[in-house]
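Q: I am new to this structure and should like to go through it step by step. Could we begin once it is in view?

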Amino acid sequence: MIKINNISKSYGDVKALDDISFSVQKNELFGLIGPDGAGKSSLLRMLVTLLLPDSGSLEISGLDVVRNYRKIRLMVGYMPGRFSLYQDLTVEENLQFFASVFGTTIAENYHLIEDIYKQIEPFKTRRAGKLSGGMKQKLALSCALIHKPDVLVLDEPTTGVDAVSRREFWDMLGRLKKEGITIIVSTPYMDEASRCDRVALIQQGKILSIDRPEKIVQTQGHQLWKVKSENVYKLLTDLENWDCSKSVYPFGQFLHLTLNDLTIGKKEVEEYLLSRGHQSLIIEPGFSDIEDVFIDLMSLQKAKN
Amino acid sequence: MEREKVIEVKDLVKKFGDFVANDHLTFDVYKGEIFGFLGANGAGKTTAMRILCGLSMPTEGKLKVNGFDVYRQSEKIKKSIGYMSQKFSLYEDMTVAENIRFYGGIYGLKRSDRIKKQQQLLNDLGMPEMKDKLVGSLPLGWKQKLAFAIAIVHDPQIVFLDEPTGGVDPITRRQFWNLIYEAASRGITIFVTTHYMDEAEYCDRVSIMVDGRVEALDTPANLMANYQAANMNEVFLHLARKAKNVE
């Protein structure tokens, strides 16, 4: 459905995208996972014909995105990271405007947006500029969907959104996928990877890994120790200063510890920490999650540069 | 031993017309603790935080911040706190050093102290070579660390952090929390909001707001035990799903 071939893009000295290639299958829910500045927005803007690559090519349904930009614009729905609807138009006027630009009506595709739009319908006479963040997001998604696009492109739809609304948003994407829409979505939240069919982990314009999220963890993750004590900050500094530590990062209530010598076990970790005066120690074996893998790959990439 | 309270809130009510944004909030925050202030979008967090910073007046309730009364002493409160928002307000077309000196001046540091602070902050952050770089040219992670350092440039009693870590990579996010831990270990009280539930677990105590009320307030460990949850995300989902004020 989507083919991205050797795309590069620079802004001055900054290489935003560095020879990126991948494809997205029809009806796939594909995630671009990475922090701010990774290059996600640049890539998505190219897909929706708003930015030209320096080199490389992009295709949607066999059509070259640059040459067929008019056709492509009818096929894609785009929700940018920054709110870009008309602030002075009401909720309903915005939706009507987007429907008419694409030669359709609200009624024709109402079933697609019903779930989302009915939550903001009570405010349909309010100006878009006066909506709260959560409502703006729902309106923007409704406007991106109203022409029943084949491909839905969402740039960080869940940034700054609370955990409950984030979960609801992903449930909604799951339902849109069932309608046959291909979805490509970017996010800085690593935990959202598990909601995607496949993901690309992206950092500084390069793809670190691309696969099904569970496969990435399986193949690139490893055993680690989960450690907890009463004083988290001291635990962190003590483990960082220990010769045997390879990496130590906080993950919620536990620290994830990897060691540079595999013959060292729980007993040695415990002895060291007891000697540093830690109490109520919990040390248990664990396995990487997607964020551990991202950190590992990031460190590897840094070491290479 | 009685712990020293730096924030005391009793029956805080804030109304906008008929809408009750804060509905009888009552909680204390202790000196040197990392206090997580969680809630869904629209639960009333920002409203309460603005009141605690002396930027907005409560409708009713008793509130003290650093011992100052929010109704009568809001200017004193402003001087004794630090504040960093997600859209932190560094001057992009000033250099790193200029930003530090400028904010030092705003917070009333003496000229000689400002120069000293500038050196110290740059060293602490490991960025002395970036002294003369324009802030606009720094990566987001560096800007965030700088914004935090500047928010505590005047050694405030409390620093308010409003979603400080949005969007950065997982390593930078953790480095940022190291700065928070370090500030807390120096006795600075941290009042922080976040949408990352793993970060909620880094806090000493966490309050969760739902529809303008504090629905739960305890250590992460106790909250997880009380709600039989494996992590704070589950606790949050359990509580915040009851919300009626959806944005």
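The exchange below concerns a sheet in one chain and a helix in another.

Q: What kind of model is this?
A: This is a predicted model, in which local features need pLDDT of at least 70, side-chain atom pairs count only at pLDDT 80 or more, and totals for chains, interfaces and linings use all residues. Residues are numbered from 1 along each chain as its sequence is written, while chains are lettered from A and ligands numbered from 1 in the order in which they are written.

Q: What is the order of the strands in the open sheet of chain A?
A: The order of its six strands is β6-β7-β8-β3-β9-β10, with mixed pairing. Strands here are DSSP runs of E, at least two residues long, and helices are runs of H or I of at least four, numbered from the N terminus. Two strands pair if DSSP finds at least two bridges between them.

Q: And which strands are at the edges?
A: β6 (76-79) and β10 (206-211) of chain A, each of which pairs on one side only.

Q: How many bridges join β3 to β8 in chain A?
A: Five, and the two strands run parallel. A:Leu32 has A:Ser186 in β8(A) as its bridge partner.

Q: Turning to chain B, which residues of α5 are buried?
A: They include B:Gly141, B:Leu146 and B:Phe148. A residue is buried if 20 or more other C-beta atoms, placed from the backbone, lie within 10 Å of its own.

Q: Why is α5(B) described as largely enclosed?
A: Because nine of its twelve residues are buried. Among the elements covering them are β6 (81-84) and α3 (96-106) of chain B.

Technical notes:
Contact = placed C-beta atoms within 7 Å.
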